[in-house]
Protein chains: 2
Amino acid sequence: MYMPKSRKSIAIDMDHVIADIEYQMIDWYHKKHGVLVEREALKGLPEGAAFPEREKVRQLLYEPGFFREARVIPGAQEAVVKLWNDFDIYIVSAAMEFPLSLHEKYEWLKEHFPFIGWKNIIFCGDKSVVDTDFMVDDHLKNLNYCKGRGIMYTASHNMAIDYDVRVNDWSEALQYLYSNH
Amino acid sequence: MYMPKSRKSIAIDMDHVIADIEYQMIDWYHKKHGVLVEREALKGLPEGAAFPEREKVRQLLYEPGFFREARVIPGAQEAVVKLWNDFDIYIVSAAMEFPLSLHEKYEWLKEHFPFIGWKNIIFCGDKSVVDTDFMVDDHLKNLNYCKGRGIMYTASHNMAIDYDVRVNDWSEALQYLYSNH
């Protein structure tokens, strides 16, 4: 028995959408390997490709604290607080690839988005079984399997990718969501 | 762009469906509080109600090792191996209520169901956004919001509950799934 809901639902990704993983990569690479890569250099390149050693960027993702200490993307908190009143919000993160990040991501959400309770958090590998009306994500691999309306959130790594609905920041995301719900 | 899949999908719950949490409760309650409750006494009662102090049962769920050391439900491994060939299988656990269990549940799956990769694991709070063709679960609260065909897996706590499709063990589950896919 499927009970339809009255409010529209949004799946919101974490990395690069509400958590500033780009800054985290630059900062940790700098601290660990002594090379400072400018944010500008990342634009239009696949994730990690702008760094001298791409494998070392990937290794950072397995480091304790990497996800826990990430900054919040500017405007994300205010936007999600606002959306929370009008939509069913689910934070959907493909956290399963990095099992040690599971608890860190949970703690991060508790700190920065304390109003989002455990019932509205989903950690998965493959987002294709998540069915929401909207999905805000930075990866085509997730958006392409989304059953609802995908919204590409701009990150340096997806700038060269063509997608029909794109938002460049949370202010544009709010505008799109409130115009189309 | 939603790309439909050719194989049918099944969401399989962990606790009481592939992980023997009932035995774990009895065993840990016995070890910690010195009272051995017979499995028979649990039948038809809500979870924890058969134990002298229900709150102490709930506390067990927060103990390190509780989920990690659970036994596998008899027949579950063989059944899921078989289903894996013919369906898209997702392990969907409402693990978010117990954040410390996230990593334990991941490790438990890696030990007992090593063929299930991280892409097919979903830890969530609310299963209502998970869209699969079938959902095998022991809780009405999950089955009632399932968009596909819910299948109630019998556990002592749900024996008194009326639900249209019920399986009493993994052999019955296989029979139902292969007859209806």
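Okay, let's start with one residue pair: Val92 of chain A stands opposite A:Ile122, which sits in strand S5(A). Before I go on, remember that this is a predicted model.

So that pair belongs to the contact between two strands. S4(A) and S5 of chain A, residues 121–124, are joined by 3 bridges, and the two run parallel. How do you get from one to the other? Helix H5 of chain A, residues 101–112, goes with S4(A) and S5(A) to make a right-handed β-α-β unit.

Now look at the other neighbour of S4(A). That's strand S1 of chain A, residues 9–12, again parallel, and here there are 4 bridges. If you want a pair to click on, A:Ile12 is opposite A:Ile91 in S4(A).

Let me stay on S4 of chain A for a moment, residues 88–93. How many of its residues are buried? 6 of 6, and the strand is mostly covered. You can see the two faces in the side chains. A:Asp88, A:Tyr90 and A:Val92 point one way, A:Ile89, A:Ile91 and A:Ser93 point the other way, and all are buried. Yes, that includes the Asp: A:Asp88 is buried too.

Okay, zoom out to the sheet. It's an open one with 12 strands and mixed pairing. If you read along it, you go S8(A), S7(A), S6(A), S1(A), S4(A), S5(A), and then you step over to S5(B), S4(B), S1(B), S6(B), S7(B), S8(B). Where does it end? The edge strands are S8 of chain A and S8 of chain B, residues 166–167 in each chain, and each of them pairs on one side only.

That brings us to the interface. There are 30 residues of chain A in contact with 30 residues of chain B. The area buried between chain A and chain B comes to about 3000 Å², and carbon and sulfur atoms give 65% of that.

For the polar side of things, the rule finds 11 residue pairs in polar contact across the interface of chain A and chain B. H5 and S5 of chain A each supply at least two residues of the side of chain A that touches chain B. Which element gives the most to that side? S5(A), with 4 residues.

And the salt bridges: 2 of them across the interface of chain A and chain B. One to pull up on screen is B:Asp131 with A:Lys147, where the closest N and O atoms are 3.3 Å apart.

That's my tour, thanks.

Technical notes
Residues numbered from 1 in each chain as written. Chains lettered and ligands numbered in written order. Predicted model: local features only at pLDDT ≥ 70, side-chain atom pairs only at ≥ 80, totals over all residues. Heavy atoms only, no water. Buried < 20%, exposed > 50% of the residue type's maximum accessible area, 1.4 Å probe, protein only. Pairing = 2+ DSSP bridges. Right-handed = clockwise from strand over helix to strand, strands pointing away. Contact = heavy atoms within 4.5 Å. Buried area = accessible area lost by both parts, 1.4 Å probe. Salt bridge = Lys/Arg side-chain N within 4 Å of Asp/Glu carboxyl O. Polar contact = N/O pair within 3.5 Å; in protein donor to acceptor, adjacent residues only side chain to side chain.
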